[in-house]
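User: I would like a close look at the enclosed space in this model, with some account of the parts around it. Please keep to what can be read from the coordinates.

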Amino acid sequence: MPVLILLGCFLLLLLLLLGAAVIHTLLIPRKKSTYQPPEADEEAFRLAEKLSRMVQIPTVSIPETDQRELFLRFHRLLEELFPLVHQHLEKIEVDGNLLYCWKGQRHDHPLVLMSHQDVVPAEGEWLHDPFSGDIADGLVWGRGTSDTKCTVMAFFQAVEELLTQGVTPPQDVYLSSSCTEEWAGDGCPKLVELLEKRGVRPFLVCDEGGGIITEPIGGIPGNFAMVGVFEKGKADILLTARSHGGHASAPKKGSPIARLAAFVHQLETRDPFRRRMSGEVSAMFRTLAPYASFPLRLVFSNLWLFRPVLLRVLPMISPQADAMLKTTVAFTMQKGSDAFNVLPQKATLGINARFIPHQGMEESLAILRKLAEKYDLEMEVMHGSEPSRAVDIHGQGFQLVQTVIGEAFPGCAGSPYVMTGATDARCYERICDNVVRFAPVVYGPEQMKGMHGLNETIAVNCLPGAVAFYRRLILAMDRVD
């Protein structure tokens, strides 16, 4: 009898909590993100032509290779496309990396606008040649259109237009563009070192990373300005399994590939990494809640009740959302024997790991190393970095970006967002507290799929909005105290 009473009390409490959550959800005003870029006009196609010409120079960066001449060719095109920028701004070129300084009325809260010149290789069969820069079907086609020559074009154009109007910016403005971002090279660190030597401490840095994402989570329709507030750490790891080899006709148990496979199987089926919802991720869900269908709105707006459930079901809903909660590992390269009938003396497995702040690089690597020892595997960390520092989402820098987003893209909801990839932005954290990751262009499903993949594109009609965002952000620096 006491057990039944306890069970009844528990069920009653559960119903009361659920009822409170439902009432709270019903009291939240329903919202809709209404922003859509306007139809492409003459200005949009004029910007598309500039971007097209930038795409036609194949600035594919290759690690540890001197490609300065290739990037100087790209720089000459920038001089042609943006003549006033090159007449009025101080230009510094370091091994193909670019830094421009536009002196403002004040110098105490500088602004850095940044994006990279280099692109990844373009392999496979494309609908349009990857370096054609074709403008067709309302899109600019080619490698680098969305990642990220679109933003390089947009902030150069914003400065060009303000110079045409005779504007002197409220604060110093720096345009920063490396040519080694795609392989985490030393380009951006060289630019940061230069600024550091000059004693420049930017108030705000705005790089790529987030963007205006169409349906960021299934069941939340519309375009949302997802502003990256920190990046996960990362490492490339090589596992090696060894044996004496032998003929495949008489295999022994525990061959190198079998041990590597057992390692992979254990990580895939028994995830050793803890899921935890950071304050930034919680803020993202709360921000998106009013725009969601009722079931999602109920969960997202009542994390006090549904957080444990959400931590369990997110992996089934979205790998991208799940990656914001935990350290992840991806198995990317494998090599064994060169013949079908030969057991390998050595087999290797390449891993790309991404570290979450609550379980950073040191702890995550220790977990992987212990598992590697279990299967008699050698583990070598090729290179690694800790997660970046988070931007204060209640601070003036982040809030200024949110305000400008609302002005440049009326009806577009803005939200904090966790970067699961990596950018040059982390290099600026040495000298700046407000480093946000936001590219002011629309990334629909096709754009998301095309980045680092086939048929990379950007919509022509979203380009004027990107220029307007940077123009407004430069002028909005007079609000900083």
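How many cavities of 30 Å³ or more does the count come to? Please also say which residues line the largest cavity.

Analyst: The model is a predicted one. In it, the count comes to one cavity of 30 Å³ or more. The volume of the largest cavity is about 30 Å³. Its lining is made up of M114, S115 and H116, then S176, S177 and S178, and further E181, D207 and D424. Sorted by class, these lining residues are one nonpolar, five polar and three charged.

An open site can be set beside the cavity. The second largest pocket has a volume of about 230 Å³. It is lined by 14 residues, and those closest to its centre are T65, D95, T180, W183 and D186. The lining of this pocket divides into three nonpolar, five polar and six charged residues.

Next come the helices. Two packed helices are described by the angle between their axes and by the distance between those axes. Helix α2, residues 42–55, packs with helix α5, residues 145–164, at an angle of about 120°, the axes being 10 Å apart. That angle is why α2 is described as oblique to α5. The crossing of α2 past α5 is right-handed. On the α2 side the contact involves E43, R46, L47, K50, L51, M54 and V55, which meet T145, K149, C150, V152, M153, Q157 and E161 of α5. By class, this contact has seven nonpolar, two polar and five charged residues.

Helix α2 has a further partner in helix α15, residues 463–476; here the angle is about 85° and the axes are 8 Å apart. The angle therefore makes α2 roughly perpendicular to α15. E43, A44, L47, A48 and L51 of α2 make this contact with L463, P464 and V467 of α15. In class terms, the contact of α2 with α15 has seven nonpolar residues, no polar ones and one charged residue. E43, L47 and L51 thus take part in the contact with α15, and these residues also meet α5.

Another helix pair lies further along the chain. The axes of helix α7, residues 256–269, and helix α12, residues 361–374, come within 9 Å and cross at roughly 135°. That angle makes α7 oblique to α12. The crossing of α7 past α12 is right-handed. F263, Q266 and L267 of α7 make the contact with L368, L371, A372 and K374 of α12. The residues in contact between α7 and α12 are five nonpolar, one polar and one charged.

Two backbone details remain. Most residues other than glycine have a negative phi, and most peptide bonds are trans. The peptide bond from D147 to T148 is cis, with omega near -15°. T148 lies in helix α5, the helix that packs with α2 at about 120°. E64 is not a glycine, yet has a positive phi of about 55°. The loop between α2 and α3 (68–81) holds E64. The next residue in sequence, T65, is among those closest to the centre of the second largest pocket.

Key
Residues numbered from 1 in each chain as written. Predicted model: local features only at pLDDT ≥ 70, side-chain atom pairs only at ≥ 80, totals over all residues. Heavy atoms only, no water. Axes fitted to C-alpha atoms, helices over the stretch in contact; angles between N-to-C directions. Helix = DSSP H or I, 4+ residues; strand = E, 2+ residues; numbered from the N terminus. Parallel < 35°, antiparallel > 145°, perpendicular 65-115°, else oblique. Left-handed = near helix turned anticlockwise from the far one by under 90°. Contact = heavy atoms within 4.5 Å. Nonpolar A, V, L, I, M, F, W, Y, C, P; charged D, E, K, R; others polar. 1 Å grid on protein atoms, 1.4 Å probe; cavity = no way out; pocket = protein on both sides within 12 Å on 5 of 7 lines; lining within 4 Å. Points joined across faces, edges and corners; volume = space filled by probe spheres on them.
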